[in-house]
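Morning, everyone. I have one structure to walk through today. Have a look at it first, then I'll take you through the numbers.

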Amino acid sequence: MSNKYEPPTQSGLGQVFDSVFLLALVYVALFIPLVLGLTGAGGTDNMPEVVNWETLEQNAVMQAQWEELGYTAETAAELITHRFDYTIDPLMLILTGAVILGYFIFMVKASDKEYRDVIREKFDS
Amino acid sequence: MTAEATNTDAGQERVGLLRVLGPVHVWALGVGIVLVGEFMGWNFSVGKGGAFGALIACWVIGLLYTCVAMIDSEVTSTVAAAGGQYAQAKHIMGPLMAFNVGLYLVMAYTMLEAADALIVGDLLAILAAQSGYESLDPRPFVVLIIALLALLNYRGVFMTLSLNFIITAAAFASILILFIGVKPWQPGAILQHQGLLTELPYGWIGVIASFQFGIWYYLGIEGTCQAAEEVRSPSRSLPLGTMTGIMTLLIAATLTWYVCSGLLPWQYLGQATVPLYDASRMTGSLLLQIFLFVGTMFAATASANGCINDASRAWFSMGRDRYMPQWFGAVHPVYRTPYRSILILIPIAVSFAFTGLLDQVITFSILSGLLGYTFMPINMILFRRKWPLGTIRRGYVHPFHPLPAIVLMALCVTTFFATYLGFGTQLLAMMIFYIVASLWFVLHRYKFVRRADQFTMNWPKPQGY
């Protein structure tokens, strides 16, 4: 008796369902957080009370380049003063690290279990 | 051309992809996808770590890609099956890993395609604004460019990649022309490095944070492996096309950083949508501006074109192996292209391009690529353990094993941390996507997979199994 695994044939409807599931997963996990503004970089602004090229710490060369780009000190102020917030939240960092590590451990373990099926059927049957 | 046919597991003959590509096409496919990274996206690393931070990121991430190239050369030259990293994962780690690697490729290229289309739309809107028409809606152009390129890919890979060669070469030429146009031999005449370069605005943590977008200088060059099934002489064309591609990118990245950091204040450069085009505007030369407009359009178009090609082939391979519904494993009876896989990815690319959020769309692409690079060192260690040197014939043996794998893993972990700095929520969203997809595969999809068909190489049984 052969040990070869014979997979079931998937119906057309089942294939449609699987395709829709994957598309839905892309939209729910990735697209919706994006359009709802839940992702993206957090930042801080240190806008000086008086806005001019000096208070924005722009030298003569920088000032000339900004003006060439079509900016004034007022319109460039937000771009110049915006900074990423690199404050590290230890709990979030540990959580993120654990999720990535857990994902790879699960994948290596589960994949190895499936790989044993493959090798068994390829070489032992 | 003769039809190629291979036996399927069902005992029927299936139509294969046409073997028509040479080294030039491989170069065009690799550089065509990646060159757009010099025209947009790389500069977000300036925003995260300053101009010098971006330069350091460019070099350090260059080391990451050197490790990728070393490891990939050994495994690709040995796993002589179509599908690149996807085929490697099938033979060395197992179906779930292969499913994930296939998905990394699909998502990395589809998000890059979305970013490319977004750039085409934005550039046309910028041009319209400069011409006095402020309210041009870029979205119809996004749909148009994706639809046209999908049609080209639908009709045939040879025409598609021949077109890529021409437009990629033109885009690369526009960078060279800009470099000469800014007279680098006369510092201070046009280029203003002395007045524009500042110290590290965030210190060294900003340098690490900039690694995230440093990936963008090179992301996708490994995609040359995806065309293996359609290359006339893979053993010659793939290494030749890939190596000349990496050299092209190194030159282009260096020139791009030098020109842009000498013309644009770092705070502007760090958030610009089309930095090279902006740099050309600063020269005051209309001719250079036209060259860079055309160059940016061409680079984005070539990249989107290559991305449709690569993403659809990864999806097609998964359909053929039943990791995805089998319906996607079909080849067009006339054009011999994976036409269903091309069509299914269009709505995803269009939707993400419509968001207009370039840095975040790029981050999705980067993260998928980064997960793929994290897989490589694990794969390499297991490859050497399962088939030690001398047990199978290797096309190439990379030196200093396991040092490249360790360095690559360390750099991948650092780049995950870099992404956490500023884009932590997006990193978690991406991980949730892959975790749910993996559970779906294990609990549902795997039952449709034919076990022995996942191992097609004529190798001995792996050690320990």
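I'll start with chain A as a whole, then go to single residues in both chains.

One thing up front: this is a predicted model. Every value I quote is computed from it.

Chain A, then. How is chain A divided? Into three pieces: domain 1 covers 10-40, domain 2 covers 42-86, and domain 3 covers 88-125. Take the centres of domain 2 of chain A and domain 3 of chain A, over C-alpha atoms. They sit 47 Å apart.

Secondary structure next. Chain A has four helices and two strands. Read from the N terminus, the order is α-β-α-α-β-α. The radius of gyration of chain A is 27 Å, whereas the globule rule gives 14 Å for 125 residues, so chain A is more spread out than a compact globule. The extents of chain A give the dimensions. Along the principal axes, the C-alpha trace of chain A spans about 85 × 35 × 25 Å.

What about burial and contacts? Of the 125 residues in chain A, 34% are buried. Now take the contacts in chain A between residues at least 6 apart in sequence. Of those, 55% join residues at least 24 apart.

Surface and charge. Chain A exposes an accessible surface of about 7400 Å², and 62% of that belongs to carbon and sulfur atoms. Chain A carries 7 positive and 17 negative charges. The mean positions of the two sets are 28 Å apart.

Now the backbone. I have three spots to flag, one in chain A and two in chain B.

The spot in chain A is E57(A). Its phi is near 60 degrees, a positive value in a residue other than glycine. Where does E57(A) lie? In the loop of chain A between β1 (43-45) and α2 (60-68). Buried or exposed, for E57(A)? The relative accessibility of E57(A) is 68%, over the 50% cut-off, so E57(A) counts as exposed.

Over to chain B and K183(B). The phi of K183(B) is near 50 degrees, again positive and again not a glycine. K183(B) also belongs to a loop, this one between α7 (157-181) and α8 (193-196) of chain B. At 36% relative accessibility, K183(B) counts as partly exposed.

Then a peptide bond. From H401(B) to P402(B) the bond is cis, with omega near 10 degrees. P402(B) is in the loop between α17 (358-386) and α18 (403-443) of chain B. If you want to check one omega by eye, pick that one.

Last part: two buried helix residues in chain B.

L370(B) is in helix α17 of chain B. Its relative accessible area is 0%, so L370(B) is buried. Which residues does L370(B) touch, leaving out those up to four places away in sequence? I215(B), C412(B), T415(B) and F416(B). There is also a spacing to note. L370(B) and V413(B) are 43 residues apart in sequence, yet 9.3 Å apart in space, C-alpha to C-alpha.

T168(B) is the other one. T168(B) lies in helix α7 of chain B. With 1% relative accessibility, T168(B) counts as buried. The contacts of T168(B), with the same sequence neighbours left out, are W27(B), A28(B), V31(B), G32(B), L35(B) and A302(B).

That's the tour. Questions, please.

Note on methods. Residues numbered from 1 in each chain as written. Chains lettered and ligands numbered in written order. Predicted model: local features only at pLDDT ≥ 70, side-chain atom pairs only at ≥ 80, totals over all residues. Heavy atoms only, no water. Domains from an automatic or database assignment. Rg over C-alpha atoms; globule rule 2.2 N^0.38 Å. Buried < 20%, exposed > 50% of the residue type's maximum accessible area, 1.4 Å probe, protein only. Contact = heavy atoms within 4.5 Å. Areas by Shrake-Rupley, 256 points an atom, 1.4 Å probe, with all protein chains shown as cover. Lys, Arg positive; Asp, Glu negative; His and termini not counted. Charge placed at Lys NZ, Arg CZ, Asp CG, Glu CD.
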